[in-house]
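The exercises below ask for a careful reading of one structure, with a worked solution after each task. Try each task against the coordinates before reading on.

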Amino acid sequence: MNDEPAALGQALRHWRDRTSPKDLGLPLGGVRRAPGLRREELAQLAGLSVDYVVRLERGRATSPSGQVLASLARALRLTETERDHLYLLAGQAPPTTGHISPHIPPSVQRLLDQLNGNPLSVHDAAWNLISCNPLWAALMGDPSPWRGKDRNIAWRHFTHLPTRVTHTPDQQNRLETALVCDLRSCAARYPKDTHLTALITSLRSTSERFEDLWDSHTVGFHTTDSKTVHHPDLGPVTVDCDTLTIPGNDLRIAICSAPPATTTAEQLALLAAIGTQTLT
């Protein structure tokens, strides 16, 4: 076994041991031999199998993908410098300037944790889904099976992939205009990002609507809007949706909410209480 897998495993164990479950909102039940995360908890937070985490820490998994590394960096709340070190230990080049980054800084993640009472999802500059909280998954459906372009919100919308969400014609026009405008601006900021270039090329060849909006150079931006989610158990759930951007990181955070003492607020409270185990 060469030194790189062993060093990667050592670093992962160190970062896991220093990460407090309490800071991540995890229960502290049971006897803990160390103050940090259990392997099972890291696996859950990163969307990986426990066996794979074990193999990484023991140096037996030698080629983790960029997506796996990004998930580990988020779960362990790594700084940008630590994230780059993680990539290097795994034998991969860190994300560089000119390419879209899926990194969520620890300070932003702490903010997201405080907003956990609302369904929210986090996306990179090209609207690839980076993460979502359990309430978003319970409302919108579990995104864990999504792979590749299927994790991109623009791709899902313009290619009419299955969704629980419906919009009025005006809402749909605003959404589509904003998405195309975002991708156009993104292409100007990240000209070296080949995944972004391929996404736009595929959208232009696949969706006539996207092609028309792209060629028209239409201008739009995300505003507070509403959408109706057709939940299989709760029925129609109409939520307000706001899109927040994080300057310097180019992240997009979509947050769903409802006015207090409304039917929708009661529906979201029920989802929060029951979670994803029965309402999915």
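A salt bridge is taken here as a side-chain nitrogen of Lys or Arg within 4 Å of a carboxyl oxygen of Asp or Glu. The model to which this criterion is applied is a predicted one.

**Exercise 1. The pair Glu82 and Arg18**

Task: Work out how far apart in the chain Glu82 and Arg18 lie, and decide whether Glu82 is buried or exposed.

Solution. Begin with the distance: the side chains of Glu82 and Arg18 approach to 2.8 Å, N to O, and form a salt bridge. Next, place the partners in the chain, where Glu82 belongs to helix H5 (residues 80–89) and Arg18 to helix H1 (residues 3–18), so that the pair links distant parts of the chain, 64 residues apart. Finally, turn to accessibility, for which buried means under 20% relative accessible area. Glu82 counts as buried because its relative accessibility is 19%, whereas Arg18, with a relative accessible area of 40%, is partly exposed.

**Exercise 2. Two salt bridges that involve helix H9**

Task: For the salt bridge of Asp225 with Arg174 and for that of Asp250 with Arg189, locate the partners and describe their exposure.

Solution. In the pair of Asp225 and Arg174, the closest N and O atoms are 2.8 Å apart. Asp225 sits in strand E4 (residues 225–231) and Arg174 in helix H9 (residues 169–189), which places the partners 51 residues apart in distant parts of the chain. Asp225 is buried, at 19% relative accessibility, while Arg174 is partly exposed, with a relative accessible area of 39%.

In the second pair, the side chains of Asp250 and Arg189 meet at 3.0 Å, N to O. Asp250 lies in the loop between strand E5 (235–246) and strand E6 (251–257) and Arg189 lies in helix H9, so this salt bridge ties together parts that are 61 residues apart in sequence. Asp250 is buried, at 16% relative accessibility, and Arg189 is partly exposed, at 37%.

A last step widens the view, since Asp250 and Arg189 belong to a network of salt bridges that also links Asp182 and Arg252. A search of the whole structure finds 15 salt bridges.

**Exercise 3. Asp124, a buried acid**

Task: Which side chain of opposite charge is nearest to Asp124, and how far away is it?

Solution. First, locate the residue: Asp124 is in the loop between strand E1 (120–123) and strand E2 (129–132). Then look for a partner; the nearest side chain of opposite charge is that of Arg252, at 7.1 Å, and Asp124 is buried yet has no salt bridge. The cut-off for a salt bridge is 4 Å. A polar atom of the Asp124 side chain does, however, lie 2.9 Å from the backbone nitrogen of Ala126. Leaving out residues up to four places away in sequence, Asp124 touches Ile100, Ser101, Ile130, Asp250, Leu251 and Arg252, and of these Asp250 and Arg252 are members of the salt-bridge network met in Exercise 2.

**Exercise 4. The second largest pocket**

Task: How much space lies in the second largest pocket, and which element supplies the largest share of its lining?

Solution. The volume of the second largest pocket is about 770 Å³. Its lining is made up of 35 residues, and those closest to its centre are Ile153, Val165, His167, Leu175 and Lys227. Assigning the lining to elements, one finds that E1, helix H7 (134–140), helix H8 (153–158), strand E3 (165–166), H9, E4, E5 and E6 each supply at least two residues. The largest share comes from H9, with 6 residues.

A residue of helix H8 can be examined alongside, namely His157. His157 is buried, at 18% relative accessibility, and, apart from neighbours within four places in sequence, it is in contact with Gln172, Leu175 and Glu176.

**Exercise 5. Helix H4 and the residue after it**

Task: How many residues of helix H4 are buried, and what is the phi of Arg77?

Solution. Helix H4 spans residues 66–75 and is mostly covered, as 8 of its 10 residues are buried. The buried residues are Val68, Leu69, Ala70, Ser71, Leu72, Ala73, Arg74 and Ala75. Moving just past the end of H4, one reaches Arg77, which takes a positive phi of about 55 degrees.

Methods. Residues are numbered from 1 along each chain as its sequence is written. This is a predicted model: local features need pLDDT of at least 70, side-chain atom pairs count only at pLDDT 80 or more; totals for chains, interfaces and linings use all residues. Side-chain values use heavy atoms; hydrogens and water are left out. Buried means under 20% relative accessible area, exposed over 50%, partly exposed in between (1.4 Å probe, protein chains only). Helices (H or I, at least four residues) and strands (E, at least two) are DSSP runs, numbered from the N terminus. Lys and Arg count as positive and Asp and Glu as negative; His and the chain ends are not counted. A polar contact is a pair of N or O atoms within 3.5 Å; within protein, one must be able to donate a hydrogen and the other to accept it, and residues adjacent in sequence count only if both atoms are side-chain atoms. Contact means heavy atoms within 4.5 Å. On a 1 Å grid over the protein atoms alone, a cavity is a set of points where a 1.4 Å probe fits but cannot get out, and a pocket is an open set with protein on both sides within 12 Å along at least five of seven lines; lining residues have an atom within 4 Å of a point. Grid points are joined across faces, edges and corners, and a volume is the space filled by probe spheres set on the points.
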